[in-house]
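Good morning, and thank you for making time for this presentation. Please keep the structure open on your screens while I speak.

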Amino acid sequence: MLHRPPAGGLTEPPPGRGGELAALAARAASARTGHAQAVLIGGPSGIGKTRLLRALLDDQAAHGVRTLYAACGREPAAHRAPSAYDGLPDGIPGEMPGGIPGGIPGGISAGAPGDTPAGIPGGAAAPYGAVRALFGPLGLTGTGPSPLLRGGAHHALPALAPGADATATLPHQVLHGLYRLAGNLMADRPLTLVLDDAHHADEHSLRWLDFLLRRAEHHLPLLVVLAHRPEAEPVAGAALAAACAPHRTTLLPLGPLGEAEAAELARRILGTPVAPAFAAHLTKAAGGNPRTLTHALRTLRAEGAAPDEHGARRAAELCAAMTARTTRRRLGHQPGWVRDVATAVAVLGEDEPRRVAALAGVTTALAEDALTALRRAGLVAPGRAALTDAATRAAVLAPLTEPELTALRTRAVLLLSDAGRPAEDIAEHVLRLPGPVPPWMAATLRDAAARAAARGAHKTAARYLHAVLRAEPDDLSARTELARALAEINPEEALPLIEETLALRTDPRTKAAVAAQYGLTCLALRRVPTAVRVLDEAVAAFAAETGPDAGPADRELTALLESVLLLAGTVRRETIAAVRERAARMALPHGDTPAQRQKAAMMSILTALDGRSAARTVLQARRALRSPAAEPGGWAAFAAAFPLALADEVDDALGALDRVLTQGQEYGEARVYTLALVARSLVLHGIGAIPDALADARTAVGLTAEEDQCTELTMPHIVLATSLVDHAEPRRAEEALARVEPGDLDGHVLEQPAYLLARARARRGLGDHEGALALLFACGDALAAAGVANAVFHPWWVHAVRQLTALGRTGEARDIAERWTGPARSWGTPRALGLAAHALAVTTPGPEGVVLHTQAVEWLAGSPARVEHARAEYHLGRALLAAGDQPAAREHLRTAVGLARQCGALALAEAARGGLVTAGGRMRKATGCRTDLLTRTERKVAALARAGASNREIAEALFVTVRTVEMHLTGVYRKLGVGDRAALASALPPEAPPEPPAGMPTVAYGRPARAAR
């Protein structure tokens, strides 16, 4: 048998190379049928090309294919230091079973004297050097007869004999001789030729491979596989390009391993699964390089280290040390001017060669030559002017002293500044300088911070501004901007800074702007009374300062202060009455500026809570939406969506929220994004899109666990419970609500009633009718204490009427229904009128009750409230059944079942189905195991999971977090009634599942690729 790639220590296929191995196997299968194939595998050193070749040869062995392998330019195996990626079992055959026809023995051959099974010593550029390495182990010296040399194959001998000069023979004869030799090898079985490190291969060998492939393309069972490093300059570039002609060659580029693949490699080497955090840390430290990963993991195993935080730190040290050794060795072979260019690239990062040259003190031409040399050495990324990874950069800079490095970085800043580069590019270099920076650099940092804040990168802006304050501690402007940036990412840290700035500021306009920021920061920290007090004083002081003849800028600032005051005051019961009175005295702004739109939005919320005029609410809310797009840092669209949804203007509400969600994604504003998901979940729930409401709620809950800005949010858990109840999962609803501390919600105008109503409905779903009723009354009391009179805002009274009637307390139920009929008519939307008619109908028996139920159905059928429409149909069917009209009852109960199922309201669907059966109708049992209950995102996740994608691959494909994927998969399993991925294939239809109805979009939070945490 013939030789193979150097052995390593893992017998399983290389992690993360399943797709490439499958592509190789497909090409090999095609070659075995007589369609010659060529494959070119590309990737940097240590990326796993040889491991992939070994896996291919294992596959070929299983199919009885004859294989010949050679590695160009590599030291002989016996003289080469073992690689960190070596260590696979020895004794691996090269040519698979049976040996060569004609009595050439099978066993492992070390080749004839002078040959090296693992490589081509003495320079790969020797004519036919690669050919000799491939065919050398056949022992074809021409001294004895061999069936392999029949039919003109003996003309190949000049290319095969060690030390022979093949160029003395006619080239055509040698090429044909080698071609005949290959044909003889394929006489009884397919042939695979594998040439590793083909960039070192000589021109004559590559020309022969091109000659062979052109003649074998359509009739010979031949597979030729070449592996090379794209960044390395080939010994014979033109010949390599010809041999790998695009029309017949499959390209297989190998990239770095991802976290999932690193975790699998760690499991194989350490013998135990590792946590995702460990895999992520390891992948980053090694740059995804399999050789570096393997070295670190084997050292950890030898040291007995566990895959924990300590192990991760140790692995990072090992990876850095290995990278440093490799970098020093490769740089040590380079001239001094090349090392200077490498240092300049390490300091500057990726930049134009002329600036690299200026920093290195060489000409541009020399810099370009140096970059080429560094690419060949594997230190600079192919096609770029940047070092391959952070570890290489650190290794290049390690020999410099601190003063030398500071001087280089200062020169780099000057070069970039003189070149007019963007402030943020320069700022990153300024931050690396020790100590306070000079004033002109501080100005650059301030400019960079403003640009970062404008695109929503508040954490980056804070980094720049901290450096400004180290240089200029008395700069009030920088302090104000830093407070504003911190308020977006860390309100606790921001508040003292804002208070200090507020005390130091004397300019009334600046003081007013800082007061607005103070109010928003207090709001994030739930310090509402303090916020209202400070804002109230700021509004009065600014009005006194500017007077009645204030200019446009002052009027805008006044509108900003008033909008923040209304926002803060609406949050708590103890402040809402005062801001309601203030809002009543305000004129409705036109909505021409951001502050005016925010003020109009808050006025619309207060009008909606008052519940007296849906038309005026809609007018105010639409003033808040006059901007064509969401405004960074503004919340007008978000605030306007709430009253629009209450007024049944659902399309406008969803459109506004989609704008906010888009803004949240573009600017990485996790808190804004999460709150918009919560709001959209409530709107979707209100229109009967229960599965999509659940999807948004689950994504929001996932973000509360992953994003620091969202950890204290309670509404995600409440909206999740709200949809779970309708989805026939009251126990899971209670589990969601258990994550909320009720005491934290006391006095909260929006959150406390929502919590009480969701908990009441969950209690009722679990059979605790008295407990549910007590919670409903508590919800009503909380709303009354806040002065909320809107009949459709947390309509506890409708649920209470149903509950009291079920308990036989019809008189009390009737009183509540009659008391809320007036507010419902005052609000006047079809939903409100339908709910009022429904509440009265539930408490009214006999024919009069049937009339009221019919009115409720008519009103709700004309509203977007599809679940309430289904519920009204259900109660009408029951009333008709009680009146003895079974045919009519069946009609309405069947409608109720259909509507409820379409909405995903499984509890209502099952109750309506029970009523239908009682009325003599038939319908199969409603379950959650139907693909039409999957949301759009769940369908995509399920399809990718069924195709074999990992959770991380799905997250990257959909631009969401891994945790979000896990939540969606959990929902898919529950709805389809399966337990794992293996069962998805049978549970999902073979074709792609249809998209859900229009108007039910789902968007998941994620960072721009590569930002979806």
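Let me begin with a question: is F211 buried or exposed? F211 is buried, with a relative accessible area of 4%. I should say at once that this is a predicted model, and I shall return to its confidence at the end.

I turn to the aromatic pairs, of which the structure holds six. One of them joins Y179 and F211: the ring centres are 6.2 Å apart and the planes stand at 90°, so this pair is edge-to-face. Y179 belongs to helix 5, residues 171–185, while F211 belongs to helix 6, residues 203–216; the pair therefore ties together parts that are 32 residues apart in sequence. Like its partner, Y179 counts as buried, since its relative accessible area of 15% falls under the 20% limit. F211 has a further neighbour to note, for R215 lies over the face of its ring, at 3.6 Å from the ring centre.

The next pair is formed by F642 and F793, again edge-to-face, with 5.5 Å from centre to centre and 85° between the planes. What does this pair tie together? F642 sits in helix 28, residues 636–646, and F793 in the loop between helix 35 (769–785) and helix 36 (796–806), so the parts brought together are 151 residues apart in sequence. As for accessibility, F642 is partly exposed, at 24%, whereas F793 is buried, at 5%.

There is also an aromatic cluster, made up of F777, W796, W797 and W820.

Now to a residue without an aromatic ring. T829 is placed in the loop between helix 37 (810–827) and helix 38 (830–842). T829 is buried, with a relative accessible area of 6%. Which residues does T829 touch, leaving aside neighbours within four places in sequence? The contacts are with A614, L646, A647 and D648.

Finally, confidence. The mean pLDDT of the protein is 83, and 86% of its residues reach 70 or more. The highest confidence is found in helix 34, residues 751–765, at a mean of 96, and the lowest in helix 46, residues 984–987, at 67. Over residues 1–11 the pLDDT stays under 50, although the model has 67 contacts there beyond four places in sequence. Residues 75–124 are likewise below 50, with 121 contacts beyond near neighbours in sequence. Where pLDDT is low, predicted coordinates should not be read in detail.

Thank you for your attention.

Key
Residues are numbered from 1 along each chain as its sequence is written. This is a predicted model: local features need pLDDT of at least 70, side-chain atom pairs count only at pLDDT 80 or more; totals for chains, interfaces and linings use all residues. Side-chain values use heavy atoms; hydrogens and water are left out. Rings of Phe, Tyr and Trp (its six-membered ring) pair if their centres lie within 6.5 Å; planes under 30 degrees apart count as stacked, over 60 as edge-to-face and the rest as tilted. Helices (H or I, at least four residues) and strands (E, at least two) are DSSP runs, numbered from the N terminus. Buried means under 20% relative accessible area, exposed over 50%, partly exposed in between (1.4 Å probe, protein chains only). A charge sits over a ring if NZ of Lys or CZ of Arg is within 6 Å of the ring centre and within 35 degrees of the ring normal. pLDDT is the predictor's confidence in each residue, from 0 to 100. Contact means heavy atoms within 4.5 Å.
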